[in-house]
Amino acid sequence: MARQEREKDAARSSEESGLKEKLVALNRVAKVTKGGRTFSFAAVVVVGDGQGTIGHGLGKAREVSEAIAKAVKDAEKNTIKVPILKGTIPHEAFGKSDAGRVIIKPAAHGTGVIAGGAMRAVLEAVGVHDVLAKSQGSANPHNVVKATIAALANLRSPSEIARQRGITMDKLFNG
């Protein structure tokens, strides 16, 4: 009974905050004991509002639904804000997490999300519609998700760059 209430609370909190959850990976793990095998599940989840907010989380539990609920709760704690311009990213970005490396490049309108697996889930959840992305190194979903979010965290908006340099937006673009 308590588990069902926790799942409902997790679902309510993500609905209230406007974040949509996306399951990236689900792994079944077996622990061999003298009584036989004990199975548990590890879930990697990405949450995003489709307007520049993104977070990722890992949840582990004996049941799939409980692992996903824990992952969503963890993801909501680890959210960041990403600048998005006209459905794409402002500039090229690189990200690294352990052996996972990613490159993300802005693309023209109508290109779509050119990315695979875990990267696609992150980019769609954040609200990017046109982007070119390449994952190099590790194909481990957790490392790829972390590297993609690291790359997105490195993005800076033109207004932020102009403010840091102490110049106007016109001077930034017209030189």
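The secondary structure of the protein chain comprises 6 helices and 8 strands, where helices (H or I, at least four residues) and strands (E, at least two) are DSSP runs numbered from the N terminus. Along the sequence these elements follow the pattern α-β-β-β-α-β-β-β-β-α-β-α-α-α. The model is predicted, so local features need a pLDDT of at least 70 and side-chain atom pairs count only at pLDDT 80 or more, while totals for chains, interfaces and linings use all residues. Residues are numbered from 1 along each chain as its sequence is written, and side-chain values use heavy atoms, with hydrogens and water left out.

The average pLDDT of the protein chain, the predictor's confidence in each residue on a scale from 0 to 100, is 87, and 90% of the residues score at least 70. Among the elements, helix α1 (residues 2-17) has the lowest mean pLDDT, 50, and β3 has the highest, 95. Over residues 10-14 the pLDDT is below 50, and this stretch has 7 contacts in the model beyond near neighbours in sequence; a contact means heavy atoms within 4.5 Å. Where pLDDT is low, the predicted coordinates should not be read in detail.

Of the 175 residues of the protein chain, 39% count as buried. Buried means under 20% relative accessible area, exposed over 50%, and partly exposed in between (1.4 Å probe, protein chains only). The chain exposes about 10,100 Å², of which carbon and sulfur atoms supply 51%; accessible areas come from the Shrake-Rupley method with a 1.4 Å probe, and for residues only the protein chains shown count as cover. Among contacts with a separation of 6 or more, 56% link residues 24 or more positions apart.

One open sheet is formed by 4 strands in the order β1-β2-β3-β4, with antiparallel pairing; two strands pair if DSSP finds at least two bridges between them. Its edge strands are β1 (20-33) and β4 (79-81), each of which pairs on one side only. Neighbouring strands of this sheet are turned by 10 degrees against each other on average, direction ignored. Angles run from 0 to 180 degrees between N-to-C directions, and axes are lines fitted to C-alpha atoms, for helices over the stretch in contact. Strand β2 (residues 36-48) is joined to β3 by 8 bridges in the antiparallel sense, and Val47 stands opposite Gly55 in β3. Helix α2 (residues 64-77) packs on this sheet, touching β1, β2, β3 and β4, and its direction makes about 145 degrees with that of β3. Helix α4 (residues 141-153) also lies across β1, β2, β3 and β4, running at about 155 degrees to β3.

The 14 residues of α2 reach 20 Å from the first C-alpha to the last, close to the 20 Å expected at 1.5 Å a residue; the expected span is 1.5 Å times one less than the number of residues. Buried residues of α2 are Glu66, Ala67, Ala69, Ala71, Val72 and Ala75. In strand β3 (residues 53-61) lies Thr53, which is buried at a relative accessible area of 15%. Residues up to four places away in sequence aside, Thr53 touches Leu19, Val47, Gly48, Thr79, Ile80, Lys81, Ala125 and Val126.

A second open sheet of 4 strands has the order β5-β6-β8-β7 and mixed pairing. Its edge strands, β5 and β7 (113-114), each pair on one side only. Strand β7 and strand β8 (residues 131-137) run parallel and are joined by 2 bridges, with Val131 in β8 as the bridge partner of Val113. Helix α3 packs on this sheet, touching β6, β7 and β8, at about 145 degrees to the direction of β8. Helix α4 packs on the sheet as well, touching β5, β6 and β8, and its direction makes about 140 degrees with that of β5.

Strands β5 and β6 (residues 100-106) pair in the antiparallel sense over 5 bridges. They form a hairpin with 2 residues between them, and Asp98 in the turn has a positive phi of about 55 degrees. Side chains alternate along β5 (residues 93-97): Ala93, Gly95 and Ser97 point to one face and are buried, whereas Phe94 and Lys96 point to the other and are not.

Helix α3 (residues 117-126) is largely enclosed by the rest of the structure, because 7 of its 10 residues are buried. Just after α3, Gly127 takes a positive phi of about 105 degrees.
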